[in-house]
Amino acid sequence: MSNSSFKVPYPVNEEILNYTPKSSEKKSVLKKYKELFNSSLEIPLWINGEQIKTGETENIMPPHDHNHSIGFYHKANEKHVRDAIEAALNAKQKWSSMSWASRASIFIKAAELISGPYRDEINASTMLCQSKTIHQAEIDAACELIDFLRYNVYYMQEIYEKQPESDNKVWNRLTYRPLEGFVYAISPFNFTAIAGNLCASAAMMGNVVVWKPSDYQIYSAKVIIKVFEEAGLPKGVINAVFGDPEMISNEVLKSKYFSGLHFTGSTDVFKKLWKKIGDNIEKYNSYPRIVGETGGKDFILAHPSANIKALSTAIIRGAFEFQGQKCSAASRVYLPKSIAKKTLETVGSEMDMLKIGSPENFENFITALIHRDAFNRLKEAIEKIKKDKDADIIYGGEYDDSKGYFIHPTLVKTTNPNFFSMQKELFGPLVTVYVFDDSKWIETLDLVDKTSSYALTGAVFSQDRYAIDEALKALENSAGNFYINDKPTGAVVGKQPFGGSRASGTNDKAGSIYNLLRWVSPRLIKEVFVPPESYKYPFLG
Ligand code: NAD
């Protein structure tokens, strides 16, 4: 057994491949896409390292081609959930006492597998099951997941290095114990990287995990499972169960060994889970850690001094990439009157050029929404806006679900700053613009802060340093990730730790040391070398 103090490789962000028309990477990922499209994948539960086929199954269809099946997954019942908990608890002792360097090796290897042999498969499966363009798949499923794994291993090392002060008489030491019990990870459909990270970050710190991915991400979740297995993750450390989220959560949250929730998804679901944990509090051995990154109503605010081209690009990319289905997507925009017309014309003319369709065609910028509910939510919002006198659709507003769940990118202008689409998270390619009087800059800052219950991301566009400073101060609590002259999406692990507060989450900053600290319970060890042998303090004479 080595007693050296190891250093993990210094992390660097994975290089984003371009997939230009004649590139080898384009050819290779399309080949994989076609192969997967024309096959039928069976996805069992993953409990104690075993593939569990329950016989109760659900088909998986690409959102852009919802009549075509690409496979099916097995659904869990209560017993399978209990088996997953038991498998996790049985794995706990060996896993948590494994050397941290060995744990680190597994996740660094997983990153390398995604970077190389599994890159096409994880990207193609994300294109297929979540309908991402190749660029969106590459920055998420390949690069962000790799970055999460590499950087978190490095942060883990930093945590273990953090030690209290000591002197010659007393040696103080901190150990960073994993939580007692198991962690429950629930992940959303919209980022393959988040799905991998929610279970891996807790596991990395020595925890065992029950993981419930979204029904709409199971296809790419299967690739994550394959990668973890090949990287050498021992049986039972992470266990994946699919199916009815309420039943699964009820079963998990009544276990006395439940010790932490690692959630990303919508605000309402998170609040329900928090309440359930509160109701069950007497059952638990320890107070569970609750980490949740939830919804957003993210803003772009322009000052009259804004660069219109940069602002327009940020609106297009920020609002419409991945059909606005990013928690950080810009969905409310505030434009000063003096530049509003020109900005909207620039955005509109660019929107005319956005092509819509399957991610298999690399000319498409917009692909399909994730499922019928999402399609209906946007369709209803568009119809409501069409009838409302407070707002007009100035570009887009069309939809078509005959083959896939396609909603055209839609630009809405409202005269009511509290219009429903300025407040409610719609999670689709629809952005609402409110035009304010140039003289009302300070009042508008207040409006931006108070309009929605969320506080995830926001951006200010200005060339005037005083205005930027005013925005920084007035909007201090309006966004956990605040951007100056940039779109509010696209946070990079290791560079812009991500998360918001208010209704947007517990702001534990995914992909950072702050998040990893939630998955450990430090133990302080104080050792006194020559202990006192009399109770008498000097002041007693
Ligand atoms: P969702 O809330 O519908 O689902 C998230 C997860 O919760 C899924 O695994 C789902 O099956 C599960 N779930 C659903 N109902 C449940 C219940 N009653 N009990 C327990 N679990 C339940 O969210 P989604 O549609 O998958 O993802 C989109 C949402 O996630 C948006 O609100 C978005 O803003 C948010 N999001 C936030 C961040 C962030 O970092 N803040 C990142 C990604 C997504």
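Student: In this predicted model, what makes helix 4 and helix 7 neighbours, residue by residue?

Tutor: Contact here means heavy atoms within 4.5 Å. On the helix 4 side, Glu 121, Ile 122, Ser 125, Thr 126, Leu 128, Cys 129 and Gln 130 take part, and they meet Tyr 219, Ser 220, Val 223, Ile 224 and Lys 226 of helix 7. By class, that contact has six nonpolar, four polar and two charged residues.

Student: Why are helix 4 and helix 7 called roughly antiparallel?

Tutor: Take the angle: helix 4 (residues 119-130) and helix 7 (residues 218-231) pack at about 160 degrees, and their axes are 7 Å apart. Angles over 145 degrees count as roughly antiparallel, so that is the label the pair gets.

Student: On to the sheet. What makes strand 14 and strand 21 edge strands?

Tutor: The open sheet has seven strands, in the order 14-17-18-13-12-20-21, with mixed pairing. Strand 14 (391-395) and strand 21 (481-484) each have a single partner strand, so one side of each lacks a neighbour in the sheet.

Student: How do you know that strand 13 and strand 18 pair?

Tutor: Pairing takes at least two bridges, and five join strand 13 (residues 330-336) to strand 18 (residues 430-436), so they qualify. The two run parallel. In strand 18, Thr 432 is the residue that Arg 332 stands opposite.

Student: Which strands does helix 12 touch?

Tutor: Helix 12 (residues 372-387) packs on the sheet, touching strand 14, strand 17 (410-414) and strand 18. Its direction makes about 115 degrees with that of strand 14.

Conventions:
Residues numbered from 1 in each chain as written. Predicted model: local features only at pLDDT ≥ 70, side-chain atom pairs only at ≥ 80, totals over all residues. Heavy atoms only, no water. Helix = DSSP H or I, 4+ residues; strand = E, 2+ residues; numbered from the N terminus. Axes fitted to C-alpha atoms, helices over the stretch in contact; angles between N-to-C directions. Parallel < 35°, antiparallel > 145°, perpendicular 65-115°, else oblique. Nonpolar A, V, L, I, M, F, W, Y, C, P; charged D, E, K, R; others polar.
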